[in-house]
Amino acid sequence: MTTLKFELMMKVNKLLVSIIILCTYSCVSSSDDVIQIDNPDPTNASPASCENGFAGAYPCKGYDLQAQIPLSILEAISASDIWGWTDSATNKEYAILALDNATVFIDISNPKNPVILGKLATATGSSRWRDVKVFNNHAFIVSEAAGHGMQIFDLTKLRNVANPPQQFNTDTNFTGFGNAHNVVINEASGFAYAVGTARNDIYNGGAHFVDISSPQAPVASGGFASEGYTHDAQVITYQGPDTRYVGKEIFLGSNESRLVIVDVTNKMSPELISSITYSNREYTHQGWFTEDQRYFLLGDELDEVEFGFKSRTLIFDLSDLENPSLHDQYLGTTNAIDHNGYVKGNEFFLANYTAGIRVLDISDIANKNISETGFFDTYPQNNNANFRGVWSVYPYFSSGNIIISDINNGFFIIRKSN
């Protein structure tokens with residue numbers, strides 16, 4: 001174990017001990033996240049416009065509540081990741097919500113009256129860490145449950161579900177790895193990248209490459225081990241300003257203590273391009289490219305806890321992939337911890353745990369002008385720096401519907417106010 005990893009583990013362990021001593025909630029640790037479970041809201045919230053700073057019980061700015069489904073109805077203890085699927089044959093929209101014990105599929109074509117179509121049970125045991133992505137009309141699901149592998153589910157089964165909710169079965173279960181914290185898919189290449197796997201596996205917790213061009217016949221296709229454990233990543237077919245790499249498949253890994261940039265075009269011989277770290281580093285968690293593939297917005301999950309920052313987003317200039325630089329940092333309006341963030345157009349949708357979803361205008365990011373334009377707070381109790389509230393957000397539906405997973409309060413659909 002490197003000195004850096006040992007020091008990081010000691011800091012995380014210190015944080016876990018402090019939380020266990022100071023709270024009476026159920027606390028469970030993964031590779032970084034400390035999920036804290038409150039009593040979930042026992043009833044569905046009614047649709048509500050954002051008026052005078054609230055949509056029903058939820059603080060808001062510029063976003064209306066369409067629907068909410070609590071964990072009690074979902075028959076789960078906690079929610080984690082979320083993704084979406086639009087059926088190209090019908091244009092209907094579906095939410096795919098990861099739970100501790102299953103993955104649930106929800107028809108949101110009527111966003112004020114979502115329908116739970118059914119659940120796909122976990123492949124092995126329960127875990128509060130489950131992640132899902134979509135490619136070619138299939139869902140790909142991983143979990144930190146031991147021996148889970150990657151479940152593959154044909155989403156076209158959702159088109160005609162009789163008597164919902166149903167109990168669905170996995171179409172294929174890929175077992176080339178056991179547990180994984182996350183799965184990343186480059187839709188342009190047809191490859192999945194399982195990250196956050198066991199630190200003592202063949203790739204040292206680095207990425208496993210899986211060819212999913214035929215979704216129900218996945219093929220193990222190598223991996224990347226030299227930079228150690230990857231917690232999260234984005235993989236793109238590069239079309240950015242560094243002309244040396246245009247057309248290459250580029251992996252941007254959040255590797256606990258640094259951002260790593262890797263050319264994974266040749267799956268049998270991936271090449272590290274560069275890596276970069278930053279000051280006041282605690283846990284390099286997750287990030288996303290701007291659409292021009294110049295700037296990368298990165299979240300450090302433990303800096304708010306350790307240093308008392310407002311929610312901090314680091315912005316790296318990657319116009320030269322071999323010499324990345326820190327361009328700017330944005331400090332949010334609350335003390336809440338940042339989690340997953342995604343770019344759509346000139347907006348950055350940040351899952352901000354207890355502060356809910358924060359929406360940032362990044363249209364003038366080149367001149368270091370970033371501002372919060374709206375929010376929806378699914379966890380109204382407080383905006384403290386702890387691990388409750390929003391896990392993730394999916395803002396990519398063409399309808400404008402935005403779906404949210406809240407660890408404690410389940411599933412939400414919101415929409416920008418007229």
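Student: In what order do the 5 strands of the open sheet come?
Tutor: We're looking at a predicted model here. Its open sheet has 5 strands with mixed pairing. Strand 6 (79-86) and strand 13 (166-168) are the edge strands, each pairing on one side only. Reading across, the order is 6-7-8-9-13.

Student: Which residue in strand 8 does Tyr-94 stand opposite?
Tutor: Strands of a sheet pair through backbone hydrogen bonds, either parallel or antiparallel. Strand 7 (residues 93-99) and strand 8 (residues 102-107) run antiparallel, with 5 bridges joining them. Across from Tyr-94 you'll find Asp-107.

Student: Is Glu-256 buried or exposed?
Tutor: Glu-256 sits in the loop between strand 20 (249-254) and strand 21 (259-263), and its salt-bridge partner Arg-199 is 57 residues away in the chain. Their side chains meet at 2.8 Å, N to O. Buried means under 20% relative accessible area. Because Glu-256 has 5% relative accessibility, it counts as buried.

Student: And how does Arg-199 count, at 37% relative accessibility?
Tutor: Arg-199 lies in the loop between strand 16 (191-195) and strand 17 (208-211). The band between 20% and 50% is the one to check. At 37%, Arg-199 counts as partly exposed.

Student: Which residues are linked with Asp-242 in a network of salt bridges?
Tutor: Start with one pair: the side chains of Asp-242 and Arg-244 meet at 2.8 Å, N to O. Asp-242 is buried at 4%, while Arg-244 is partly exposed at 44%. The network links Asp-242 with Arg-244, Asp-320 and Glu-322.

Methods: Residues numbered from 1 in each chain as written. Predicted model: local features only at pLDDT ≥ 70, side-chain atom pairs only at ≥ 80, totals over all residues. Heavy atoms only, no water. Pairing = 2+ DSSP bridges. Helix = DSSP H or I, 4+ residues; strand = E, 2+ residues; numbered from the N terminus. Salt bridge = Lys/Arg side-chain N within 4 Å of Asp/Glu carboxyl O. Buried < 20%, exposed > 50% of the residue type's maximum accessible area, 1.4 Å probe, protein only.
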